[in-house]
Amino acid sequence: MSQPFRTEKGGRIDRGQQLSFTFDGEQMQGHKGDTLASALLANGVHLVGRSFKYHRPRGIVTAGSEEPNALVGIYRNGDQTPNLRATQVELYQGLQSISQNRFPSLGFDVGAVNDWLSPFFPAGFYYKTFMWPKSFWDKVYEPVIRAAAGLGKPPKNPDHDHYGNIYALCDVLVAGSGPSGLAPALAAAETGAKVILCDEQAEFGGSLLNETSASIDGKDPADWVAETIAKLRAMDNVTLLNRTTAFGYFAHNFIALAERVTEHVSNPDPNLPRERLWQVRAKEVVIATGAIERPMVFPENDRPGIMLAEAGRTYLNRFGVKVGHKVLVATACDTAWQAAFDLADHGVEVVAIADMRENPPESLISIAKARGIRVENGCVVTGTLGRKRVKAALLGRLMTSGQVASAGQVECDALLMSGGWTPTVSLYSQSRGKVVWDAEKGAYVPGKSVQNERSVGAAKGLYGLQASLENGYAAGEEAAKAASGKSAKITYAQATGGEAGNGGTLGAIPHDRNASKVRAWVDYQNDVTAKDVKLAVREGMQSIEHIKRYTTTGMATDQGRLSNMNALQIASGALERPMVDVGLTTFRLPYTPTTFGLFAGISRGDFFDPVRKTPSHDWVVEQGGVFEDVGQWKRTWYFPKKGEDMHAAVARECKVVRESVGLFDASTLGKIEVVGPDAAEFLERMYTNPWKKLAPGRCRYGLLLNDAGFITDDGVIGRLADDRFHVTTTTGGAPSVFSTMEDYLQTEWPDLDVWITSTTEQYAVAAVQGPKAREVIAPFIEGIDLSADAFPHMSVKEGTFCGVPCRLFRISFTGELGFEINVPRRHGKMMWETLAKEIEKHNGTTYGTESMHVLRAEKGYIIVGQDTDGTVTPQDAGMTWAIGKKKFDFVGKRGLERSDLTADNRPQFVGLLTKDPKVKLEEGAQITTAQNPATGTPAEGHVTSSYYSPALDRNIALAMVKNGHALEGKTLYVPMPDGSIPVEVTGTVFYDKEGARINV
Amino acid sequence: MLLIYCPYCQVERAETEFHCGGEAHIARPADPSKASDEDWVEFLYMRNNPKGLAAERWRHNNGCGRFFNAVRDTVSDKFLKFYKAGEPMPDLEAIAKEAGK
């Protein structure tokens, strides 16, 4: 099949390998080595998309990652990836691509009506228009804007690709593999330093791949690239990463690279990831990201067929593609002339070179004349014709008066433009460096280094092949020396040709057209024109950051690399302030769009967050138990029997525990072993309670405060020996309690001889609670006398459970006779299954966290974090009994004496009973004194816990209420949308107030 | 991601192994009962938030577990000194001067 714009020979494509692909369903041919963009151009396709706002037909503008227009969707494995830049998509057999932001088709797009209505869509249009009426906000405006927003369509299915992640260390990381990247990579590598060289393109070499008019060491530049890469590849200390974008520069020389591993092949190895995230810690970084060409901002500069001059040259020399048959070159600098010469040498008719400078170099003019190319000095493009492809350009002569006089019209099917070069300072800027204005170069260039990096070559505004090589070698040597102290004798390669060019322009190009009628684009992707930038200034935007956001200029996927400088100059003119004073917007990461998949890596599905399971987990799954997530833990919520809902299951579980026995998995509770001669002293200082007099074999409830005086955690602490304590914490508080203990121990009391260890994972814990608890565990416990006299409530002892060593606690969080058995984690399953079988003999039940909550609420036991919120003191919670008043100090003691904490009117922990026992309060509901308080009345408190109590056959609640302890017996109200609920304030213990059941 | 040197392990490790513990050298009064309300509030809540050098506590919590101190430039994120807990606060001005030369 014919590729009418393919050259006869030349280029780096493999002409022997023909590949078929489709674009919007149309079958076309290209070659291996093509990008989708070059293959489309070879087929004469310039129109590839519609613009964002006005739906103008748009063509390929660049040959790189900064491409603003050629954003396409690629189908693969039945799904579509949107917004890929056709200039970066490598062609493979069977590639299917679609254009975006058009309906019903690219050629006929109804959205293009916006272009005719464009006078109504100026900058800030959205802010001004969708204000009123308010009723239209969510019903009309939002759906319409949502439908119109965005370019590509997001994929509908979960991402079926997988992504890899690699951490790497190196001495020198080089970003970019043009002349100024290859030279430092080679120089550093020869010293033996560990080098990583990455380049976002498929092939290493950068601009050298389309350089045909120069030579290095007498060789064709592309051959020199191949030799250099072969040399580097043979070195063990070098990692070469092509298709790899350095997209983020973080603190301490931490660089993120995105490597595209399989996207470019038609049948990828399923074992390979689609992309790989490289997290590189480099001792030194060499930024060799080059420079990109600037578009010229002349009227109608956005028609398909208009592209950057060097892009045209790249398509010709690297991909063997002619961008047109009749090409006009419009420029303000020298480099674009070479594009014209190369095209002419391939038989393309160059209709003219229009250089806006009065006196372009004579040397260039004579070369052009020798090729018979018409040269127009002091000449600009003032407009273009053609809808889906440029047909002709209007020329204008720049007069000394500053006016422009019409200079006729030329026919062309492609227009190459060059407004000069902009160094790519994105990575430098991300490294927190501040760019500085270089008036001579007309560019912002890197200033002082903040991190260990150096920009080289075009990335710092240093142009010319020989200069780039020299600068690169020197930078590589310096970087290697700084990173590893090594050096080597390096022979610098010598270049001929590829000299630096002069010239360049910024901002809008003068023209003789009606300024109110014509539009010149600054930011193609976001459809921002020169007029929009001026309008933003007229409407009061002073800061470049405001102008950027008001107009959206520079907010395209290239982060404004293409548009920023032109926009800045236009803004500077409108503001009548010099460019340096207007300032540049910040370049943020990522350098190019980066997939979510890359960031997520393997952290998806089961790997998103670790799941912690208790020893009873598998048994519970078999029994049909229902789990709830508590932090990372899966805890059993309740155990429904056939036909039971949650309410019924919980009611049954609670009833059985009170009447017979229940089994509960308490393995998630935090456990800390506190050991050493000063262990008791340490706990004395950490917890509010006294510990020194606690006898070995006894337990005590411990309350932990912070130094402000507020409750942060609680738990039972058992003394196993004079110098050994078994501390338990809440499930959620375990890590922070441990960390707090370490903090005080290491930094406040380093004199204490104490060792603390987290043992949460070491023990499986089964709680057996209920009147039959002793009978249930007795057959399995050896070495401990379980009688009430020998082992009373709040005892701890070591023995065995089924022959396995255990720590047995007699404690209760239900108000019933209760035991908690700790065995080594690996025996947890055995313990659980043994006890689960045993309780059946006593008509017992397993119970979950919901019943645990109900049973403790019936007894008024607090749950830290539910009934407390970080502002509750022991006095507020009614727990002054837990405070060792004679102690010299403990964490929080001084805090408790602060005037605010001892003041009247503090919220206090109380019970609430609804007047109607069937009414259940909502947790979090506000409490007031008035039945129907006026709007704005402050609440007296709020409900912290609320349950149906099976033991009382009524609803109960716990609450924090201002001065609550004094309000016992009083009636308060809980106002709800469907009426105010009267409640009586009570004590916090609803069941077995004298606590007889616990001491049997 | 910051690169942090643990003076106990004597190795540089990535920030993910560490946890920042806020401003360093805030001593808990030896006899809190003698501290005035103002002193106690100062100890509990008042912290500097300097633009420039700051002495901070760090804990190597996914490593040796030890607390240590570090001087960090809050503008550049550069660390200028790592030292063990209990060692005196270094002269920040001298460090700044040395770094600035």
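Here is a chat about a predicted model with chains A and B.

Visitor: To start with confidence, what is the mean pLDDT of chain B?
Guide: For the model as a whole, the scores are ipTM 0.97 and pTM 0.90. Within chain B, 99% of the residues reach a pLDDT of 70 or more. The mean pLDDT of chain B is 94.

Visitor: Which pattern of helices and strands does chain B follow along its sequence?
Guide: Chain B has two helices and six strands to place. Its C-alpha trace spans about 40 × 35 × 20 Å along the principal axes. Read from start to end, the pattern is β-β-β-α-β-β-β-α.

Visitor: What percentage of the residues of chain B count as buried?
Guide: To count as buried, a residue needs 20 or more other C-beta atoms within 10 Å of its own. Chain B has 101 residues to test that way. The share that counts as buried is 15%.

Visitor: Which helix gives the largest share of the side of chain B that touches chain A?
Guide: The contact takes 22 residues from chain A and 19 residues from chain B. On the chain B side, those residues divide into nine nonpolar, six polar and four charged. Three residues make up the largest share there, and they come from helix 1 (residues 37-45) of chain B.

Visitor: Turning to chain A, which residues does V327(A) touch, leaving out those up to four places away in sequence?
Guide: V327(A) sits in the largest nonpolar core, which has 170 residues. Along with V172(A), V195(A), V329(A), A340(A) and L416(A), V327(A) is listed as touching the most other members. Its contacts are L343(A), V348(A), V350(A), V351(A), C412(A), A414(A) and L416(A).

Visitor: How many residues are in the other core that lies apart from that one?
Guide: This separate core includes V657(A), I711(A), F819(A) and A959(A). As background, nonpolar side chains tend to be buried together in soluble globular proteins. The other core has 96 residues.

Visitor: Why is helix 23 of chain A largely enclosed by the rest of the structure?
Guide: Helix 23 of chain A covers residues 849-858, 10 residues in total. The buried ones include M852(A), V854(A) and L855(A), but also E850(A) and R856(A). The helix is largely enclosed because the buried residues number nine of the 10.

Visitor: And which elements do those buried residues of helix 23 pack against?
Guide: Following the helix is G860(A), whose phi is positive, near 75 degrees. The packing partners of the buried residues belong to chain A. They are strand 32 (626-630), strand 33 (633-638), helix 18 (646-659), strand 34 (662-665), strand 48 (941-949) and strand 49 (954-962).

Visitor: What angle does helix 23 of chain A make with strand 48 of chain A?
Guide: Strand 48 belongs to an open sheet of six strands in chain A, in the order 47-48-49-46-51-50 with antiparallel pairing. The edge strands are strand 47 (926-927) and strand 50, each pairing on one side only. Helix 23 of chain A packs on this sheet, touching strand 48 and strand 49. Its direction makes an angle with that of strand 48 of about 110 degrees.

Visitor: Which residue of strand 51 of chain A stands opposite T971(A)?
Guide: Strand 50 (residues 971-976) of chain A pairs with strand 51 (residues 979-986) of chain A over six antiparallel bridges. The two strands form a hairpin with two residues between them. Opposite T971(A) stands E984(A).

Visitor: What is the bridge partner of L912(A) in strand 51 of chain A?
Guide: Strand 46 (residues 907-914) of chain A runs antiparallel to strand 51 of chain A. Four bridges join them. The partner of L912(A) is V985(A).

Notes. Residues numbered from 1 in each chain as written. Chains lettered and ligands numbered in written order. Predicted model: local features only at pLDDT ≥ 70, side-chain atom pairs only at ≥ 80, totals over all residues. Contact = placed C-beta atoms within 7 Å. Nonpolar A, V, L, I, M, F, W, Y, C, P; charged D, E, K, R; others polar. Core = buried A, V, L, I, M, F, W, Y, C linked by C-beta atoms within 7 Å. Buried ≥ 20, exposed ≤ 12 C-beta atoms within 10 Å, placed from the backbone. pLDDT = per-residue confidence, 0-100. Pairing = 2+ DSSP bridges. Axes fitted to C-alpha atoms, helices over the stretch in contact; angles between N-to-C directions.
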